[in-house]
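Let's take a friendly walk through a protein model, with pockets, strands and rings as our stops. Keep the viewer open as you read.

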Amino acid sequence: MFLPSYFRSSVTLIALGVIGLVSCKADGEKKIGPPAPGAGPRGGNQPTRVEAFLVKEASVSEKLEVPGSLIPFESTELRPEVSGRITQLNIREGQSVPQGALLVKLYDGDLQAQLKKLQVQLEMNEKTAQRQAELLKIDGISKQEYDLSVLEVNNIKADMELIRTSIAKTEIRAPFAGRIGLRNVSMGAYVTPATLITVIRQEEQLKLEFTVPEKYSSKISAGKQVQFTVEGLGKPIFAKVIATEEAVTEDTRSLKVRSVVQGKAAQLIPGAFAKVQLDFGKDDNAIMIPSQAVIPQARYKKVIVYRGGTAKFETVTTGVRDSTYVQITSGIQKGDTVVITGLLSIKPEGKLEITKLN
C-alpha cells in the first residue's frame, strides 16, 4: 500500500514519542522506588541515636493492695444424720444460741420402745446372774453357766448403747456458740441427710481471706500483721495471718492467705468486701528504671543496655512499680546505661549513639 511521504513522517514521529514516554516512565519508577536495605538519611553504618538512663540505687517502699473477703470464724451447715419427721423445731432465725443447744428433734418413738424393752431384759438377766453367782459359791452350777449369764448381760448393755446412739442421731444440736441463719424446714417436715436445715456461724470473731501473687508468697508467713478497710468504716482494721495454703494455685498463680481480725465493729459482717494493704518493708538499695525501658515478651522481659557503643539485650525480673518507674530485681546492676527511646528500631549488637543521658 502506498502512503504519501509526509504521512510516513508523521507516523514515525508518533512512534518515537511513545517509545520516549515509556522510557521516561521506567526511569522514573526506578528513581522513586524503595531505598536499599540499611540506607537512610545518615547511611547504613551510622549508629542509632537514642536517649538513655543511668541506673542508680533508689529508696522504694514495697506496698501491695489486694482484694479480700471477711468470713466467719466458724461456719457449718446443719443437716440430719438420719431420715425422719421433725417433732421439735427450736430454731429462731438470726438469734444466737449456746453450744449444745437442741435445735431440731426427729421422731424417735420406735427407738425409745426398743430401749425400754432392752432395759426390762437387762433387769431380768442381771437378777439371773446374781442368783447364779450365789450358786457358784456352793458349786450349785458350773462356771461356764455363770459366764454365759454374764455374757448375756453385757450383750444387752451393748445393744442399749447402740439404741442410745441412734436416738442421739435424731437430735441436731449447736456444735458451737453462734448465730443461726435462715431455716429451710418447718415443723412436721420429713427430712433426710441431704436436707439443709440451716447454717450456724460464729461471728464474735471474724477471719480475713485474701490472695497474693506468687512472687510475694515467700514474704507472707504466720504472725505477719496486715491492715484492711471496708466500705462504711473509715479507719483501717488490723488482722494477723494464721495460715497460708500449702501451695500456689496453678490457674491464678497466687497464694491464699487466711488471717484473724483483731477487734470487732458493727460494719464487719461475713461476706463483706475488704481492701487489704500489705507492706513488705522499705528497700534503700532498689534499682529503679523508667517503665518505658522494659520490653515485654511472651515469657520474659528485656531491657537494652548500652555497652561499648552497642546494644545488649538483657533479660530482667521486675518488682514493684509506680506510674513512672519499675523495680528491677535481677538482670542489670548499678552503673549500667539503659536505653529508653527508639527501642523498636534497635537490633542486638547494633551501634548506638546517646544523645541524652538522664
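The lining of the largest pocket is a mix of residue classes: six nonpolar, two polar and four charged. Before going further, please keep in mind that this is a predicted model.

**Pockets**

What volume does the largest pocket have? It comes to about 180 Å³. The residues around this pocket are S96, V97, A177, G178, R179, E203, E204, L206, K264, L268, I269 and P270. Three strands each give at least two residues to this lining, namely β4 (96-97), β7 (178-180) and β9 (198-213). With three residues, β9 has the largest share of the lining.

The second largest pocket holds about 160 Å³ of space. Its lining consists of Q46, P47, T48, S345, I346, K347, G350, K351 and L352. Sorted by class, these residues are three nonpolar, four polar and two charged.

For a quick side-by-side view, here are the two pockets:

| Pocket | Volume | Lining by class |
|---|---|---|
| Largest pocket | about 180 Å³ | six nonpolar, two polar, four charged |
| Second largest pocket | about 160 Å³ | three nonpolar, four polar, two charged |

**A four-strand sheet**

Next, look at the open sheet of four strands, whose order is β6-β5-β3-β8 with antiparallel pairing. Which strands form its edges? They are β6 and β8 (190-191), each of which pairs on one side only.

Strand β5 (residues 102-106) is a good place to start, as four of its five residues are buried and the strand is mostly covered. Strand β3 (residues 84-89) pairs with β5 in the antiparallel sense through three bridges, and I86 has L106 in β5 as its bridge partner. Strand β6 (residues 171-173) also pairs with β5, antiparallel and over three bridges. In that pairing, V104 faces I172 in β6.

**Two hairpins in a row**

Now move along the chain to strand β14 (residues 295-296), which pairs with strand β15 (residues 301-307) in the antiparallel sense over two bridges. I295 stands opposite K302 in β15, and the hairpin that joins β14 to β15 runs through four residues.

β15 then pairs again: seven bridges join it to strand β16 (residues 310-321), and the two run antiparallel. Here Y306 stands opposite A311 in β16. The hairpin of β15 and β16 has two residues between the strands, and G308 takes a positive phi near 60 degrees there.

**Aromatic contacts**

How many aromatic pairs does the structure hold? There are two. The pair of F53 and Y325 is tilted, with 6.2 Å from centre to centre and 50 degrees between the planes. F53 belongs to strand β1 (residues 48-54) and Y325 to strand β17 (residues 325-330), so this pair ties together parts that are 272 residues apart in sequence.

Is F53 buried or exposed? With a relative accessible area of 7%, F53 is buried, because the limit for buried is under 20%. Y325, at 33% relative accessibility, counts as partly exposed.

The rings of Y216 and F280 make up a stacked pair, because their centres are 4.9 Å apart and their planes meet at 10 degrees, where under 30 degrees counts as stacked. This pair also links distant parts of the chain, with Y216 in the loop between β9 and β10 (225-230) and F280 in strand β13 (residues 273-290), 64 residues apart. Both Y216 and F280 are buried.

A ring also features in a contact with a charge. The charged end of K207 sits over the ring of F73, at 4.8 Å from the ring centre.

**A spot in helix α3**

Our last stop is S149, which is found in helix α3 (residues 143-168). Is S149 buried or exposed? Its relative accessible area is 11%, so S149 is buried. The C-alpha atom of S149 is separated by 5.4 Å from that of A129, a residue 20 positions away along the chain.

How values were computed. Residues numbered from 1 in each chain as written. Predicted model: local features only at pLDDT ≥ 70, side-chain atom pairs only at ≥ 80, totals over all residues. Heavy atoms only, no water. 1 Å grid on protein atoms, 1.4 Å probe; cavity = no way out; pocket = protein on both sides within 12 Å on 5 of 7 lines; lining within 4 Å. Points joined across faces, edges and corners; volume = space filled by probe spheres on them. Nonpolar A, V, L, I, M, F, W, Y, C, P; charged D, E, K, R; others polar. Pairing = 2+ DSSP bridges. Phe/Tyr/Trp six-rings, centres within 6.5 Å; stacked < 30°, edge-to-face > 60°. Buried < 20%, exposed > 50% of the residue type's maximum accessible area, 1.4 Å probe, protein only. Lys NZ or Arg CZ within 6 Å of the ring centre and 35° of its normal.
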